[in-house]
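Thanks for coming. I will take one structure today and go through it piece by piece. Please look at the sequence and the model as they come up.

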Amino acid sequence: MVEEIINNNENLKQQWEQLCTQLKNELGEVNFESWIKPMSPGDIKNGKIDLFVPTNFMRNWVVTNYSERIQMLWKSFNENISDINFIVNPGAPQRIFRRDGTTSFSRASSVANNSINSPKTAPITNNTKVINKWNSISETLASLSAPLDPRFTFENFVVGKSNEFAYAAARKVAEGGEVAFNPLFLYSGVGLGKTHLMHAIAWHIKEKCPERTVVYLSAEKFMYKFVQAIRYKDTMTFKEQFRAVDVLMVDDVQFICNKENTQEEFFHTFNSLIEDNRQIILSADKSPSNLEGIEGRLKSRLGCGLVADIHPSTFDLRLEILKSKEQQSGVCVPEKVKEFLAHKITSNVRELEGAFQRVVAHSQLLSGCEITLELAQNVLKDMLRAFDRRVTIDEIQKKVADHYNIPQREMRSKRRARSVARPRQVAMFLAKQLTSRSLPEIGRKFDRDHTTVMHAVRKVEELCGIDNSLAEDLDALRRNLES
Ligand code: ADP
Ligand code: MG
């Protein structure tokens, strides 16, 4: 009876508030806000009080750093308390790490319920350490996400037969609620709208549910961060960062093919997020089953949610996209010109957009000269010729090797002698200029990473200005490849 009166919920709440005031004084505002405030007291049974913590990560932290002090303080208010159960409870407010480095609390979306008793020898906090750790997690999480393109919204996405399924799936995921399919796996050829849809999902969530943490990053960045974590022996923090994420999007996962370590890590991060009911969205240039160099277990896991592909665009869709671009740009483009573009540039939407912009820019630069079919044909002459005859990286490597009289295998070799390194750089430069391949894609053809390609492109550009014979070589090669 006495215990009931002392320990009814109201009393426990009051005691908790008193305790909070005390802890705030002891630990300082930042630590208090970060670790103590999100907790709330539950019931007491046989002298053991339940304290709810929003996530596993926080529970571990609090148990290690504050449990002993909390227990002591609570005992001083209420001698019936003998122990504290720290319980992970999805109902407790959860810390949100934002991209801009700010934080707030929301309801947690995960459900876990493992309680533990506080260890006997938990150290009392070391303020600086806590603040540093805390800052480093929120900073790293903020820096993980790549910037989102403001143009890539659902409103700006034109829907047609070829992409309606992927669009509907993306919308469903963005609207949240019950996690319907996890992961959502989007795949298509290059330039058909995967990244656009992923950004659109992120924008939508940011607008409708700003408390949800969305991280969008390329598979390359994921890999890079992981390799960095291994280098600094800090894979724990790496994992923790991702646990604070509600929606994780990884773009172009084909780039983690053949990287066994990263795959393994990706697999674990991915599994634990799915188990935690977090939404995952992935994209690639092939379906999960067709991805080469990806371990079977990971493949089947990637495909276990919803797999949605975007087909090559149709003439009608291309025309609609051009109409939407026209509206956005506020420039009137004759129907005939739009039809011409939609007929001619069928490869992908990125190139279609590029062509449209070129025509519009041209007419504007020539102080408002009218956009006509002739103007479009003229402006796009080079581009269309290149489309008529696509150059491949293999061809470039072969022609460059022939030109410099070296074996083609040197394109991929590790040799750094000038006689092979310079032709290799020239080939990388031409691959960047004459194909629509991305730097990492080019890099892979040379067994190098994208930074090497970037360096090569800059180097050749730089040398072109001072080295006439190199400029002539490039001209001849370009003509040869485009003829
Ligand atoms: P992917 O990631 O599949 O290579 P992106 O999402 O980067 O392709 O799309 C390339 C370009 O084409 C972007 O500028 C994007 O806005 C545009 N785009 C692709 N599909 C559509 C569409 N259905 N409606 C409007 N723009 C589109
Ligand atoms: Mg993309």
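Where is the place of Asp 447? Asp 447 sits in the loop between α20 (439-445) and α21 (450-466). A word on those labels: helices (H or I, at least four residues) and strands (E, at least two) are DSSP runs, numbered from the N terminus.

Before going on, the ground rules. This is a predicted model, in which local features need pLDDT of at least 70 and side-chain atom pairs count only at pLDDT 80 or more, while totals for chains, interfaces and linings use all residues. Residues are numbered from 1 along each chain as its sequence is written, chains are lettered from A and ligands numbered from 1 in the order in which they are written, and side-chain values use heavy atoms, with hydrogens and water left out.

Back to the loop. Asp 447 is not a glycine, yet its phi is positive, about 55°. Asp 447 counts as partly exposed, because its relative accessibility is 40%. The cut-offs are these: buried means under 20% relative accessible area, exposed over 50%, and partly exposed in between, with a 1.4 Å probe and protein chains only.

Asn 405 also has a positive phi, about 60°, and is not a glycine. Asn 405 is found in the loop between α18 (393-404) and α19 (418-434). At 71% relative accessibility, Asn 405 counts as exposed. One more backbone item: the peptide bond joining Asn 182 and Pro 183 is cis, with omega about 0°. Pro 183 belongs to the loop between α7 (164-175) and β7 (184-187). Why point these out? Most residues other than glycine have a negative phi, and most peptide bonds are trans.

Next, the strands. Strand β9 covers residues 247-251, and 5 of its 5 residues are buried. On one side are Val 247, Met 249 and Asp 251, on the other Leu 248 and Val 250, so to speak two covered faces. Which strands pair with β9? Strand β8 (residues 214-218) runs parallel to β9, and 5 bridges join the two. Strand β10 (residues 279-284) is also parallel to β9, with 4 bridges. Here two strands pair if DSSP finds at least two bridges between them.

Individual positions can be matched up. Across from β8, Tyr 216 stands opposite Met 249 in β9, and Ser 218 stands opposite Asp 251 in β9. Towards β10, Val 247 stands opposite Gln 279. Strand β8 is largely enclosed by the rest of the structure, because 4 of its 5 residues are buried.

How does the chain get from β9 to β10? Helix α11 (residues 260-275) joins β9 and β10 in a right-handed β-α-β unit. Right-handed means that, with the strands pointing away from the viewer, the path from the first strand over the helix to the second runs clockwise.

In the loop between β9 and α11 is Gln 254. Gln 254 is buried, with a relative accessible area of 11%. A polar atom of the Gln 254 side chain lies 3.2 Å from the backbone nitrogen of Asp 285. That is a polar contact, a pair of N or O atoms within 3.5 Å; within protein, one must be able to donate a hydrogen and the other to accept it, and residues adjacent in sequence count only if both atoms are side-chain atoms.

Now the ligand. Which residues come nearest to ligand 1? Of the 18 residues around ligand 1, the nearest are Val 158, Gly 191, Thr 195, His 196 and Glu 353. To be near, a residue needs one of its heavy atoms within 4 Å.

Three polar contacts are worth reading out. A polar side-chain atom of Thr 195 is 2.7 Å from an oxygen atom of ligand 1. A polar backbone atom of Val 158 lies 2.8 Å from a nitrogen atom of the ligand. For Leu 192, a backbone N or O atom is 3.2 Å from an oxygen atom of ligand 1. Taken alone, ligand 1 exposes 560 Å², and the protein buries 95% of that. Those areas come from the Shrake-Rupley method with a 1.4 Å probe; for residues, only the protein chains shown count as cover.

The elements giving two or more residues to the shell around ligand 1 are α8 (194-208) and α15 (349-365). By class, the shell has 7 nonpolar, 8 polar and 3 charged residues. In that count Ala, Val, Leu, Ile, Met, Phe, Trp, Tyr, Cys and Pro are nonpolar, Asp, Glu, Lys and Arg are charged, and the others, Gly among them, are polar.

Last, helix α2 (residues 9-27), where Leu 27 is placed. Leu 27 counts as buried, at 7% relative accessibility. Leu 27 and Tyr 66 are 39 residues apart in sequence and 9.8 Å apart in space, C-alpha to C-alpha. Cys 20 is in helix α2 as well, and Cys 20 is buried, with a relative accessible area of 12%. Between the C-alpha atoms of Cys 20 and Phe 32 there are 8.1 Å, with 12 residues of separation along the chain.
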